[in-house]
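Biologist: Could you take one residue of this model and examine its surroundings closely, then work outwards to the chain as a whole? I should like to see how the local picture and the overall one fit together.

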Amino acid sequence: MATLEEPDKGYAWVIAFAACIINMILSGMSRMIGILYVAIIDEYGVTRKEASVPFTVRNAIRYLSGPLVGVLGQRYGIRPITFLGGFIACLGSVLCCFAPTVAWISVFWGAIHGLGFSLGKKFFSKSGQPFT
């Protein structure tokens, strides 16, 4: 006899709150690109073209990693992949503090943070409901 899957009850609120926090932090970080762009120009003395590379790489990694994120999500589940994405995005952001050049920021912010952002946000729709 098949059993019906019941809702998580009280634990569902923890998941909803965690999804809200993840979306708030990652969306906030993606909205502060203008501030970071100007800070990179001032701090490293580079041209506007060079300062835009980390943000271009981040968006490219974010969108190109969709198939990989989908496969990982199907294999391991939404919760562990979202947690891993938050951790990787945080790691990429922290490593930017130690970046000596814009090329390293492109690696840390563009590649590492972009992959983490993709893992952390890919499974949530605009309404915040996880895809199944």
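**Val-57 and its surroundings**

Modeller: Val-57 has a relative accessible area of 27% and is therefore partly exposed, since that class covers values between the 20% limit for buried residues and the 50% limit for exposed ones. The model is a predicted one, and this value, like those below, is computed from it. Val-57 belongs to helix α4, which runs over residues 53–64. Setting aside residues within four places in sequence, Val-57 has contacts with Ser-106, Gly-110 and Ala-111. One of these partners, Gly-110, is 53 residues away along the chain, yet its C-alpha atom is 4.7 Å from that of Val-57.

The partners of Val-57 lead to helix α7, which spans residues 102–121. Ser-118 is a further residue of helix α7. With a relative accessible area of 2%, Ser-118 is buried, whereas Val-57 is partly exposed. When residues up to four places away are not counted, Ser-118 touches Arg-62, Ser-65 and Val-69. The C-alpha atoms of Ser-118 and Gly-86 are 9.3 Å apart, and the two residues are separated by 32 positions in sequence.

Helix α7 also packs against helix α1, residues 10–31. Their axes lie 11 Å apart and form an angle of about 145 degrees. This crossing of α1 and α7 is left-handed. On the side of α1, the contact is made by Ile-22, Asn-23, Leu-26, Ser-27, Met-29 and Ser-30; on the side of α7, it is made by Trp-109, His-113, Phe-117, Gly-120 and Lys-121. Sorted by class, the contact comprises 5 nonpolar, 5 polar and 1 charged residues.

The loop that joins α6 (78–95) to α7 contains Ala-99. Ala-99 counts as buried because its relative accessibility is 7%. Apart from neighbours within four places in sequence, Ala-99 is in contact with Tyr-44, Trp-104, Ile-105 and Phe-108. Trp-109, which takes part in the contact between α1 and α7, is 10 residues from Ala-99 in sequence and 9.8 Å from Ala-99 by C-alpha positions.

The cysteines deserve a separate remark. The structure has 0 disulfides. For Cys-96, the closest cysteine sulfur is that of Cys-97, at 7.2 Å, which is too far for a bond, because a disulfide requires the two sulfur atoms to be within 2.5 Å. Cys-96 counts as buried, at 17% relative accessibility, whereas Cys-20, at 46%, counts as partly exposed.

It remains to place these details in the whole chain. The protein chain has 7 helices and 0 strands, arranged along the sequence as α-α-α-α-α-α-α. Of its 132 residues, 30% count as buried; Ser-118, Ala-99 and Cys-96 are among them. Contacts between residues at least 6 apart in sequence are mostly of long range: 71% of them join residues at least 24 apart. The contact of Val-57 with Gly-110, across 53 residues, is one example. Finally, the accessible surface of the chain amounts to about 8,800 Å², and carbon and sulfur atoms account for 70% of this area.

Technical notes. Residues are numbered from 1 along each chain as its sequence is written. This is a predicted model: local features need pLDDT of at least 70, side-chain atom pairs count only at pLDDT 80 or more; totals for chains, interfaces and linings use all residues. Side-chain values use heavy atoms; hydrogens and water are left out. Helices (H or I, at least four residues) and strands (E, at least two) are DSSP runs, numbered from the N terminus. Buried means under 20% relative accessible area, exposed over 50%, partly exposed in between (1.4 Å probe, protein chains only). Contact means heavy atoms within 4.5 Å. Accessible areas come from the Shrake-Rupley method with a 1.4 Å probe; for residues, only the protein chains shown count as cover. Axes are lines fitted to C-alpha atoms, for helices over the stretch in contact, and angles run from 0 to 180 degrees between N-to-C directions. A crossing is left-handed if the near helix is turned anticlockwise from the far one by less than a right angle, and right-handed if clockwise. Ala, Val, Leu, Ile, Met, Phe, Trp, Tyr, Cys and Pro count as nonpolar, Asp, Glu, Lys and Arg as charged, and the others, Gly among them, as polar.
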